[in-house]
Amino acid sequence: MSVVERTEDAAISRPKAVARRLRGPKWFLEMGWRHVVAICACLFALFPIAYVVSAAFNADQSLGGSSLIPRHVTLENFRAIFRTSQPAGSEFLPAHYVRWFLNSMLIAGATAVATVILGALAAYAFSRFRFKGRRFGMLALLLIQMFPQLLAVVAIYLIVLRVGDVFPVIGLNKPTALIVVYLGGAMGVNTWLMKGFFDTIPSELDESARVDGATPAQIFWGIILPLATPVLAVIALISFITTLNEYVIASVILQTTQKQTLPLGLYQYIDQQFGKHWGPFAAGVLLAAIPAALLFTFLQRYIVQGLTAGAVKG
Amino acid sequence: MAEVIFDKVEKVYGNDVRAVHDLSLEIGDGEFVVLVGPSGCGKTTALRMVAGLEEISDGTVSIGGRVVNELTPKERDIAMVFQNYALYPHLSVSDNIGFGLRLRKMPKEEVASRIEWAAKLLGLTPYLDRRPKELSGGQRQRVAMGRAIVRHPQVFLMDEPLSNLDAKLRVQMRAEIARIQHEVGVTTIYVTHDQVEAMTMGDRVAVMRKGELQQMDEPQKLYDSPKNLFVASFIGSPAMNIVEATVERRGGGIVVRLGDQELPVPEDVARRRPALSGYSGRTLALGIRPENLEDASVARNGGARLHGRVLLTEALGSEILAHVQIDAAPVVTDDVVEGAVVDETEQVVAADLLGESGDGRRTTFVGRFDAASRVKPDTDIELVVDTAKLQFFDLDTGHAIHESAV
Ligand SMILES: Nc1ncnc2c1ncn2[C@@H]1O[C@H](COP(=O)(O)OP(=O)(O)O)[C@@H](O)[C@H]1O
Ligand SMILES: [Mg+2]
């Protein structure tokens, strides 16, 4: 990637390899097959998206009979999910899409930010401090992570139910409760991932900062976090997308339509016995994908930048 | 600025790794002291205990009259230069240098002027906006120095700061660090495994081995009168030639016998070492520095002679190093082997030079000859020995049989 090139100064840059020009079969053996593989991979990945896009703009409501290229292109599906009043005779749920969308963004965003901060704090402690129970703590985190969160659904439900009596803020039907559950769920993996990355940051940097007069907190915010941007960005992204997609736990905790997230809400569009609203569903899904895509585009810079800035010795 | 005092300092890692043992030394205000010794002898550990990066197991370290055992690095007011520089890769050169000042909430103008001062002193002014990775090794080294000097700390601590540089740059930076230290006058403890660096830079040099201080002295004293076999073989390059010799009384004087050859010990040398006569009839370790051996065919003044066979020669232009095999038993105690070896890969070479590969009755001497010498490998040679400079060591204890020993 060109990022590597950009930062090198003239005194240290190596002469660039002169690109060879190849033709014909030789070109195919050296380069061409890579293009073929890449195109196949792209098709494979884009295929489902093509269907969703098609369904979102298709005037036909049923999926079965529709072709990939819609016969009648319409924006009606998008209008439908934003409409405030219900058309007569339809069991279609109006006006909630925006709510669900905001709920999802809030929950996923908060979870992503809090996951990164909590994980980084825990990882910093495990990576840099030596304390009683450090080994045990690391192992426990890993062990707990071995069980899928799904196993705990019943327990989570009961805990949230009871805790809600004492702390209503994290009781049933509260987005904060869901965020707290998500935070606990991904803690282990994230802490391990980040600890692994922190371990690669030479401890001389911490020590040098300590001698310069920095407190552990200043070292964490001023040295470790800036150097760990790639792993932070990756974890924020993964956490955001996972949370955005999560269904089961959300369905257990968020019970009223107003409080629900996109997966719960949108599922209701296609859950009804006599009218599966695939069109509005696809339109809703498409719009929901935009923030995730934007976030990725935004964080990508940090991932690449961070990786090249990691060189400490040399 | 302050003096640093180690008082019976111990460091035990875990439960059983004793890295530093009973270390006591005093470093004067503004002094440049080098800790030197083979790899793993506890130099870094000693330095880190001053920095506050390593707990002190026992004894005390004081800086400027204040015991610092329980103080954080910040409270000790020291600056440290690390072997790999430890520059903050995400900060520019000027932010790297100013990092410690900003943490101390120093006013902006003051920070700027100090950075400017340090950059000027180190020739870094054109690079202030660059990131560390856009600098050469030597420039990074300077940034690390800059970060230390801007703070005007009480003590500089440097852990092998030059070992990542190539040989030529190392020599250049050696002079530069000495110049800067002199200019700012801050007490400095400098750690290295390179005895040449130690000898050229230190006001005084402390030689360590296996966590213990062997000798602390001015470089010339260390060279002229090493306290034991380890220091003798560690300091000096090429290393001191050390060989087994038997002391004999001969007509009122003393001679030492190496194999079937003899060297007379000058009267005043013997007189200054009364203990020497007590060794008569016994074997000791005899040390001869390479520059005290000369090719007899170019020697200006005569003297005692040894003969041997030339194994190989290294012409350095200004002088010739000749490896000469003598029929006499080498001294291969741990002291000597460890002292002569800089790292493990050289062990074989060292053992070879010490004559181990032979039948154990031959020793290879290195002589530093005048460039006029026409010495050739595989020829016999006569060596003139400057017997006034002979050194004697007890074989069992390794201690020097010293001038002062009465
Ligand atoms: N953190 C540590 N834990 C355990 N042993 C250590 C540690 N650091 C150093 N040691 C041991 O202490 C001894 C001295 O090490 P060190 O001070 O680094 O030597 P030097 O700097 O002279 O090469 C060595 O035997 C080394 O293995
Ligand atoms: Mg060391």
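Reader: Let's start at the ligand: which atom of ligand 1 lies 2.5 Å from a polar side-chain atom of T44(B)?

Author: That's an oxygen atom of ligand 1. A polar contact here is a pair of N or O atoms within 3.5 Å; within protein, one must be able to donate a hydrogen and the other to accept it, and residues adjacent in sequence count only if both atoms are side-chain atoms. Before you go on: this is a predicted model, where local features need pLDDT of at least 70 and side-chain atom pairs count only at pLDDT 80 or more, while totals for chains, interfaces and linings use all residues. Residues are numbered from 1 along each chain as its sequence is written, chains are lettered from A and ligands numbered from 1 in the order in which they are written, and side-chain values use heavy atoms, leaving out hydrogens and water.

Reader: Which other residues have an N or O atom listed against ligand 1?

Author: G42(B) puts a backbone N or O atom 3.0 Å from an oxygen atom of the ligand. Y13(B) has a side-chain N or O atom 3.5 Å from a nitrogen atom of ligand 1. As for coverage, ligand 1 alone exposes 560 Å², and the protein buries 58% of that. Accessible areas come from the Shrake-Rupley method with a 1.4 Å probe; for residues, only the protein chains shown count as cover.

Reader: Which residues surround ligand 1?

Author: A residue counts as near if one of its heavy atoms lies within 4 Å. Around ligand 1 you find Y13(B), V17(B), A19(B), S39(B), G40(B), C41(B), G42(B), K43(B), T44(B) and T45(B). They divide into four nonpolar, five polar and one charged. In that sorting, Ala, Val, Leu, Ile, Met, Phe, Trp, Tyr, Cys and Pro are nonpolar, Asp, Glu, Lys and Arg charged, and the others, Gly among them, polar.

Reader: Which elements supply at least two residues each of that shell?

Author: In chain B, β2 (17-27) and α1 (43-51) do. The largest share, three residues, comes from α1(B). Helices (H or I, at least four residues) and strands (E, at least two) are DSSP runs numbered from the N terminus.

Reader: On to charges. How many salt bridges does the whole structure hold?

Author: You want a side-chain nitrogen of Lys or Arg within 4 Å of a carboxyl oxygen of Asp or Glu. Over all chains, the search finds 26. In one of them, the side chains of R204(B) and E31(B) meet at 2.5 Å, N to O. R204(B) is in strand β9 (204-209) and E31(B) in the loop between β2 and β3 (32-36) of chain B, so this pair ties together parts 173 residues apart in sequence.

Reader: Is E31(B) buried or exposed?

Author: Buried means under 20% relative accessible area, exposed over 50%, and partly exposed in between (1.4 Å probe, protein chains only). E31(B) counts as buried because its relative accessibility is 13%, while R204(B) is partly exposed at 23%.

Reader: Which partner does R48(B) have, and which one does R250(B) have?

Author: R48(B) bridges to E54(B), with the closest N and O atoms 3.0 Å apart. R48(B) is buried at 15%, and E54(B) is buried at 17%. R250(B) pairs with E262(B), with closest atoms 2.9 Å apart. The first of these two sits in β11 (241-250) and the second in β13 (261-265) of chain B, so the bridge ties together parts twelve residues apart in sequence. There's also a network linking R142(B), E176(B), R179(B) and E183(B).

Reader: What about backbone oddities: which bond joins S237(B) and P238(B)?

Author: A cis peptide bond, with omega about -5°. P238(B) is in the loop between α9 (229-234) and β11 of chain B. Look at phi too: E160(B) isn't a glycine, yet its phi is positive, about 45°. E160(B) is buried at 9%. K210(B) also has a positive phi, near 45°, but K210(B) is exposed at 51%.

Reader: And in chain A, which residues form a nonpolar surface patch?

Author: Patches take residues with over 30% relative accessible area and no salt bridge, joining like charges within 9 Å and nonpolar side chains (Val, Leu, Ile, Met, Phe, Trp, Tyr) within 5 Å. W27(A), F28(A), L29(A), M31(A), W33(A), V36(A) and V37(A) form one, with about 690 Å² of accessible area together. L29(A) is in helix α2 (24-57) and is exposed at 66%. Helix α12 (262-271) of chain A is mostly covered, with seven of its ten residues buried.
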